[in-house]
Amino acid sequence: MRKDVRILLVGEPNVGKTSLIMTLVSEEFPAVVPYRAEEITIPADVTPERVPTHIVDYSEAEQTDEQLYQEISKANVICIVYSVNNKKSIEKVTSHWIPLINERTDKDSRVPLILVGNKSDLVEHSSMETVLPIMNKYTEIETCVECSAKNLKNISELFYYAQKAVLHPTGPLYCPEKKEMRSACVRALARIFKVSDLDNDGILNDHELTFFQRTCFNTPLAPQALEDVKNVVRKNLTDGVRDNGLTLKGFLFLHTLFIQRGRHETTWAVLRRFGYDDDLELHQDYLFPLLKIPPDCTTELNHNAYLFLQSVFDKHDKDRDYALSPEELMDLFDVFPYVPWGLDVNSTVCTNDQGWITYQGYLSQWTLTTYLDVQRCLEYLGYLGYSIIAEQESQASAIAVTRDKKHDLQKKQTQRNVFRCHVFGITGSGKTGFLQGFLGRNLVRQRAIKEEHKSYYAISTAHVYGQEKYLLLHEIFPDFDFLSETELSCDIVCLIYDVSNPCSFEYCAQIFKQYFMDSKTPCMLIAAKSDLPETKQQYCMTPLEFCRKHKMPPPQSYTCNTAVAPSKDIFIKLTTMAVYPHARLRCMCTCNRCTFCLCQNFLNSELVQTVRTKLYTVIFSRHITHADLKSSTFWLRASVGATVCAMLGFAMYRALLRPR
Ligand code: GDP
Ligand code: MG
């Protein structure tokens with residue numbers, strides 16, 4: 001909203017400019033007036049639109065032309081005053097005043113004009129007939145009003161119209177020559193319609209209209225008023241109302257009607273509520289609300305935001321196949337000024353067999369944007385009308401800023417849901433295969449990805465002890481000398497080597513020694529392409545020896561050359577390590593000394609194995625006889641077996657979580 005409004009009164013001498021101003025202020029007609037009234041400022045709280053308003057007089061006798069021009073350029077709206085009983089003063093409006101003003105203002109940003117016919121107390125007839133052709137000729141004339149300073153008629157109205165002409169200008173909304181709404185206004189209203197059409201059926205039903213009314217005007221719409229509105233549209237348009245709801249055509253028609261009847265503040269109220277500024281662009285304050293992110297904190301979407309995004313997905317997944325076809329996606333982006341997602345998104349998140357982004361993939365992509373570029377996320381949520389539909393103050397309330405990672409490490413727990421894993425390895429070591437494998441794509445499906453659609457990111461979910469977490473994999477371009485701070489800061493590091501390439505491990509070892517040996521970030525070595533025959537790595541130690549020496553988990557074999565979707569196990573391990581960086585995950589060690597290894601060895605021992613197989617055969621064998629089930633020895637054996645399993649399970653759990 002504007003800070004203030006400056007109204008200038010011009011016109012021939014003696015038409016009553018000074019009298020009008022003084023009457024407004026004192027609420028009585030002054031017998032004697034000076035040539036020129038002092039500039040007055042009406043405080044915000046006494047004006048109808050709650051904006052401070054300056055009223056400026058002009059007097060030919062007291063001011064030079066230069067001073068007049070200066071005032072014209074400073075004014076937000078100009079009232080050209082004539083006297084209804086003085087023909088010459090009307091003629092001068094077109095012959096002198098309008099050209100003089102227009103010469104001094106840009107064609108595109110013309111200052112709105114108001115024609116004021118004063119001294120209406122002196123005549124019987126109205127001057128409107130003479131003035132209407134002038135109004136039609138000059139589109140910058142916002143309105144005209146007849147008044148009388150002497151009778152105090154239409155005085156406050158005059159200043160209200162002037163204020164309104166500035167605060168709710170017709171210019172950006174309506175083209176008086178064509179008698180229709182301007183295209184930018186139609187575009188904005190169409191977006192507003194789409195956002196408000198919660199079920200995306202192209203109709204605003206009663207529920208949606210009521211919601212719309214409440215958000216824009218803070219007052220509910222009475223059922224009768226709702227019917228009246230629809231009836232007006234029905235009477236004037238054939239397809240303005242369908243299935244008892246308002247179509248886009250009907251919605252636009254209503255707004256054209258508001259504007260044509262001088263009620264454009266209604267349309268402006270709607271536009272402003274949905275974030276538009278005076279140029280009908282989405283306001284920067286609306287798109288980018290203030291959000292403070294301290295260092296070492298990350299940004300995630302909160303529960304409310306996910307619910308909102310889910311509703312947006314549901315609204316556009318018309319065939320209910322839990323994936324967005326290219327058409328459905330384009331429909332979703334219809335409320336954006338540009339298509340926000342490139343084709344690389346399809347290789348960053350999960351897609352279905354047709355290559356369409358699934359529900360899971362859609363949420364992952366939003367999570368990724370929020371994590372990597374929260375400003376962009378705010379902007380996108382703004383286009384979707386988050387604050388309006390979710391009834392929040394701004395998009396900023398969709399964001400959860402996590403606490404400092406150092407704090408998490410200290411407290412040994414985290415509330416974060418998104419974890420970042422950086423993937424290192426030489427060219428061709430299988431990094432991309434690893435990323436794509438996370439998205440469930442085997443080598444055959446990966447080969448179908450075009451070069452220009454490739455992505456250095458992959459994001460999806462993994463369950464850690466029953467909780468869903470996002471793992472964000474980021475492939476780092478191999479380089480020793482230039483690894484930036486951002487390339488090094490992550491929750492877990494993956495060092496990938498190719499088991500069939502003898503020169504691939506050395507890079508991992510060097511990266512580890514140079515950057516991660518002394519850092520707190522957990523590291524994992526991945527032996528990629530494990531379906532190929534393994535060759536000896538050219539390095540002073542084997543990868544396993546290297547891991548032991550540096551207290552890392554042993555190398556994890558991985559292949560995406562599978563018939564079905566590659567296994568997700570490794571990604572669950574990685575996420576677990578990222579969530580619990582302080583816990584030493586002995587499940588992956590082979591030290592033969594820790595509790596876990598001892599348990600593991602015990603479990604694998606021949607004695608336990610035979611007991612277990614026997615137990616299984618007894619329980620699951622089809623030949624369980626009735627007598628068997630009844631016999632107490634059977635139940636004794638079964639319960640002992642169950643207790644052993646439970647105890648082992650508990651020991652294992654404790655060993656897994658044992659802190660360093
Ligand atoms: P300005 O030169 O345009 O500022 O005009 P003034 O305000 O000085 O008014 C000129 C004369 O018109 C004064 O004698 C006023 O009393 C008179 N006047 C102003 N407004 C009205 C009005 O509404 N009705 C009548 N009858 N006289 C008016
Ligand atoms: Mg005067």
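Biologist: Which feature does UniProt place at residues 304–339?

Modeller: The unreviewed UniProt entry places "domain: EF-hand" there, at residues 304–339; UniProt positions follow the numbering used here, feature names are shortened, and annotations may be inferred rather than shown by experiment. In this predicted model, local features need pLDDT of at least 70 and side-chain atom pairs pLDDT 80 or more, whereas totals for chains, interfaces and linings use all residues. Residues are numbered from 1 along each chain as its sequence is written, chains are lettered from A and ligands numbered from 1 in the order in which they are written, and side-chain values use heavy atoms, without hydrogens and water.

Biologist: What is the helix and strand content over residues 304–339?

Modeller: That stretch is 56% helix and 6% strand, with its end C-alpha atoms 24 Å apart. Helices (H or I, at least four residues) and strands (E, at least two) are DSSP runs, numbered from the N terminus. The protein comes to 27 helices and 21 strands.

Biologist: Why is Thr 18 called buried, and why is Tyr 35 called exposed?

Modeller: Buried means under 20% relative accessible area, exposed over 50%, and partly exposed in between (1.4 Å probe, protein chains only). Thr 18 has 7% and is therefore buried; Tyr 35 has 61% and is therefore exposed. Of the 660 residues of the protein, 49% count as buried.

Biologist: What makes Thr 18 and Tyr 35 donors of the magnesium ion (ligand 2)?

Modeller: Donors are N, O and S atoms within 2.8 Å of the metal (3.2 Å for Na, K and Ca). Thr 18 (OG1) and Tyr 35 (O) lie 2.0 to 2.1 Å from the ion, so both qualify as protein donors. The pair links distant parts of the chain, 17 residues apart: Thr 18 is in helix α1 (residues 17–26) and Tyr 35 in the loop between α1 and β2 (40–42). Water is not among the atoms, so sites may look incomplete.

Biologist: How do you know that Ala 149 makes a polar contact with ligand 1?

Modeller: A polar contact is a pair of N or O atoms within 3.5 Å; within protein, one must be able to donate a hydrogen and the other to accept it, and residues adjacent in sequence count only if both atoms are side-chain atoms. A polar backbone atom of Ala 149 is 2.8 Å from an oxygen atom of ligand 1, so the pair meets the cut-off. Backbone atoms also lie 3.3 Å from a ligand oxygen at Val 15 and 3.1 Å at Lys 150.
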